[in-house]
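Open the model in a viewer and keep the selection tool at hand. The stops below say what to select next and what is there.

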Amino acid sequence: MAAPQRQAPVPESAPTGRARVEFARTADAWDIALHRYRGQRRDLPPLIICPGYACNRHFVDFDERYSLARFCARRGFDTWVLELRGRGYSEAVFGGGSRGWNFDDLVRFDVPAAIAYVRGRCEERRPVWIGHSMGGMVVYAALGQDPELGKSLSGLVTIASPVGFPAVASPLARGLGSLLLALPLPQRLPQRSVLVALWSVMAHSGRFPEVGMNRRNLDQAAFGRALPLFMCNVARAKVQQFTRWSLTGQFRSNDGATDYRANLSRITTAALIIAGAADQLAPPETVGLAFDRLGSAEKLYREFARRQQDSADYGHVDLIFGRRAPEEVFPTISDWIENGLSRR
């Protein structure tokens, strides 16, 4: 059930443009924020754009250039940017967040609440879910666990969303991972301050990481300005769940009962799966595994690479903040929806 609308304060530094903030109430008492750009074309499906791990709305809606949300709104789509629990304006109510949360809570509560809310506000038109990284993984898990939920979507687009996790081979890395699972860590880990400080040091030295990006393709100035805005702290339980996946190579619920990867065959929603050729966080083979296993009759895999006549081999965050992402990646997404899904 959708929560009563409430107004959220917007800091002066937050480049939200013309977005209106609305809230969906989850079944476990969270108000999750949806930032709406009202589109003008009723022949197009509404869009739900979901950022990935530890990111709020600013990752996909930074400024007039680096905003997938505003790009889609300019094309006429009714566009909603979702902030999963614990990020941005999404807050627990009635003490609902006291126990922390993990990936399964996002799957079980946040995804269905967001879909139902947007449908209700858009005259029951079925939205397209667009998720970057974990923002795509949550919809894979939700639709695989509840195939009926897929009937509420007209399509899904995942961007650098892996479903395979090569097991960690290094004894040192495995030991560190096991230590992370055993330590009595605080309920929320200060990832934001750590990563912002690390980026500042690397920017000063000129040594940028290659794991999360192709630094030669990244607009480093824009990304550096955006990072303090979009990065959030993370829940301990979610970090530990991701660590467990890395150690075991599995993509399962926290209790081990649900194999999210095995459930991909239950998904029949039309899908566009996007990967970056130089992505070391979500290598193409781990992203393409979803394409191979989806039960969708209509599905397309698109890898952004020089061999595909793109300007660069794209990395993980490049697919949003790449120098030519607004000209190469964003139109690929909107064209697939407009020329394929909306004409079915």
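Start with D28, which sits in the loop between β1 (20-25) and β2 (30-37). Strands (E, at least two residues) and helices (H or I, at least four) are DSSP runs, numbered from the N terminus. This is a predicted model, in which local features need pLDDT of at least 70 and side-chain atom pairs count only at pLDDT 80 or more, while totals for chains, interfaces and linings use all residues. Residues are numbered from 1 along each chain as its sequence is written, and side-chain values use heavy atoms, with hydrogens and water left out.

D28 has a relative accessible area of 15% and is therefore buried (buried is under 20%, exposed over 50%, partly exposed in between; 1.4 Å probe, protein chains only). Show its side chain together with those of T26 and R85. The D28 side chain makes a polar contact of 2.6 Å with the side chain of T26 and another of 2.7 Å with that of R85. A polar contact is a pair of N or O atoms within 3.5 Å; within protein, one must be able to donate a hydrogen and the other to accept it, and residues adjacent in sequence count only if both atoms are side-chain atoms.

Next, select N217, in the loop between α5 (191-205) and α6 (220-230). N217 is buried, at 4% relative accessibility. Leaving out residues up to four places away in sequence, N217 touches S311, A312, D313, Y314, D318, F321, G322 and R323 (contact: heavy atoms within 4.5 Å).

F321 leads to the next selection: F321 is among the residues with the most contacts inside the largest nonpolar core, along with F103, W129, I130, V157 and I337. This core has 97 residues; a nonpolar core is a set of buried Ala, Val, Leu, Ile, Met, Phe, Trp, Tyr and Cys residues joined through side-chain atoms within 4.5 Å. Helix α2 (residues 103-121) gives the most to this core, with nine residues.

Keep α2 and add helix α7 (residues 236-248). Their axes are 8 Å apart, at an angle of about 110°, which means that α2 is roughly perpendicular to α7. Axes are lines fitted to C-alpha atoms over the stretch in contact, with angles from 0 to 180 degrees between N-to-C directions; under 35 counts as roughly parallel, over 145 as roughly antiparallel, 65 to 115 as roughly perpendicular and the rest as oblique. F103, D104 and L106 of α2 meet K238, Q241, F242 and W245 of α7.

Finally, select C55 and C232. Why is the sulfur of C55 not bonded to the closest cysteine sulfur? The sulfur in C232 is 7.3 Å away, too far for a bond (a disulfide needs two cysteine sulfur atoms within 2.5 Å). C55 is buried at 8% relative accessibility, and C232 is buried at 10%. The whole structure has zero disulfides.
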